[in-house]
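Open the model in your viewer and keep the selection tool ready. This tour goes stop by stop.

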Amino acid sequence: MAENQSAAKIKKGLIVTGMRPTGKLHLGHYIGVLKNMVKLQDEYECFFFVADWHALTTKFDSTQDLVDNTNDIVLDWLAAGIDPEKCSIYIQSHLPQTAELHVYLSMITPQNWVERDPTLKDLVKMIKTPDGDSKPNVSYGFLGYPVLMSADILTFNVDYVPVGIDQVAHIEITRDIARRFNNIYKTELFKEAKPLLTNIPMLKGVDGQKMGKSFHNDIKISDDDETTTKTIMKSITDRSRARKDDPGHPDKCEVAFEYWKAFAPEEKIKQIQQECIAGKRGCADCKRELAALINEYLRPIRERRKYYEQHPELVKEIIRQGDEKARTKAEEVLKQVRKTVGMYQG
């Protein structure tokens, strides 16, 4: 017990972050987000949630895979090293406190605040209209997305929210709403959460474009060795190189060399670079070796995933415990919110 209390004292603060359940996660998610989440759980008190309500903002009429996608997110997190002993893994829709706080915050948030929020503008681009109209049908829930996002953060009154530099503006509306709440109700209840800047590298798909399952250019964490190898063999390399023994240009290798830099140690990267420039390394052989490296790197991750796949009750228990921890923490905040707003307590 003393050790646990000591560990809790050295945490740098409280953070929350979530992911929309859109399917099994790929290497872009792993390099860009999951590795950082694994690191953060050792340094901060962390609440990691699957944002299933947020998924409804653009997919409200296509929910047949929502449960499976939610489960896949949790499986991939656990496989990547997210430790339920170090953090709380919960499902967004399992926290009624977040929905309640969303109502309170929606009452005080001016309409023009949400209309100008960059998060909302990004989501508008994701909406496809069946009739091809350039103006998407924006629902009430869609318009309230930035406020729900703020409720996710303020439910725990966190200190930090991990984001990339391009996402800092997304946190500003939460800070604005927290400040407005405090001003209206003459309180200092809500902290103004700070962005916890993270260097989020972008790993391209094998075709050189943004990695995503809808583009069929991704390598999933849960893929088997054969599938991974076949996908990597299709990756773009140096388009200017005609023959195997031609001098290569690693800086022009659009995908494969970037993968080497993401997964190989520094010495190996230098070796690959030198051999490529000298014309001693053909692109096909290079990609075969790269596939072997990535499969070996992912082997323990994939083994953990298979373990959790084979123990679904354990996964449910991890979620149940995470939900409970999250609700307990959230209820502490909501009690203060209800009292501050002046709600009837009974």
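Where is Tyr 140 placed? Select it: Tyr 140 sits in helix α8, which covers residues 140-143. Bear in mind throughout that this is a predicted model. Is Tyr 140 buried or exposed? Its relative accessible area is 76%, so Tyr 140 is exposed; the cut-off for that label is over 50%. Now add Cys 253 to the selection. Tyr 140 and Cys 253 are 113 residues apart along the chain, and their C-alpha atoms are separated by 45 Å.

**Zoom out: the whole chain**

Show the chain as a cartoon. Its secondary structure comes to 15 helices and five strands. The radius of gyration is 23 Å, close to the 20 Å that the globule rule gives for 346 residues, so the chain is as compact as a globular protein of that length. Along the principal axes, the C-alpha atoms fill a box of roughly 80 × 60 × 35 Å.

Switch to a surface. The chain exposes about 18500 Å², and carbon and sulfur atoms supply 51% of that area. Of the 346 residues, 46% count as buried. Among contacts with a separation of 6 or more, 78% come from residues 24 or more positions apart.

Color by charge next. There are 51 positive and 51 negative charges, and the mean positions of the two sets are 3 Å apart.

**Strand β3**

Select residues 87-91, which make up β3. How many of its residues are buried? Five of its five are, and the strand is mostly covered. Turn on side chains. Cys 87, Ile 89 and Ile 91 point one way from β3. Ser 88 and Tyr 90 point the other way. Residues on both faces are buried.

Add residues 45-50, strand β2. In which sense do β2 and β3 pair? The pairing is parallel, over five bridges. To find your place in it, pick Phe 48, which stands opposite Ile 89 in β3.

**Gln 92**

Step along to Gln 92, in the loop between β3 and α5 (96-108). Despite the loop address, Gln 92 has a relative accessible area of 1%, so it is buried; the cut-off for buried is under 20%. What does Gln 92 touch? Leaving out residues up to four places away in sequence, its contacts include a run of Phe 49, Val 50, Ala 51, Asp 52, Trp 53 and His 54. Leu 148 and Asp 152 are touched as well. Select Ala 326 too. It is 234 residues from Gln 92 in sequence, yet the two are 9.6 Å apart, C-alpha to C-alpha.

**Two positive phi values**

Check the backbone angles at the next two stops. Most residues other than glycine have a negative phi.

Pick Lys 186, in the loop between α10 (168-184) and β5 (194-197). Its phi is near 50 degrees, a positive value in a residue other than glycine. Lys 186 counts as exposed because its relative accessibility is 73%.

Move on to His 216, in the loop between β5 and α11. His 216 is not a glycine either, and its phi is positive, at about 55 degrees. With a relative accessible area of 70%, His 216 is exposed.

**Last stop: Lys 244**

Select Lys 244, in the loop between α11 (225-233) and α12 (256-263). Buried or exposed? At 58% relative accessibility, Lys 244 counts as exposed. Which residues does Lys 244 touch, beyond those up to four places away in sequence? Show Gly 279, Arg 281, Gly 282 and Asp 285: those are its contacts. Finally, draw a distance from Lys 244 to Lys 329. The two are 85 residues apart along the chain, and their C-alpha atoms are separated by 60 Å.

Technical notes. Residues numbered from 1 in each chain as written. Heavy atoms only, no water. Buried < 20%, exposed > 50% of the residue type's maximum accessible area, 1.4 Å probe, protein only. Helix = DSSP H or I, 4+ residues; strand = E, 2+ residues; numbered from the N terminus. Pairing = 2+ DSSP bridges. Rg over C-alpha atoms; globule rule 2.2 N^0.38 Å. Contact = heavy atoms within 4.5 Å. Areas by Shrake-Rupley, 256 points an atom, 1.4 Å probe, with all protein chains shown as cover. Lys, Arg positive; Asp, Glu negative; His and termini not counted. Charge placed at Lys NZ, Arg CZ, Asp CG, Glu CD.
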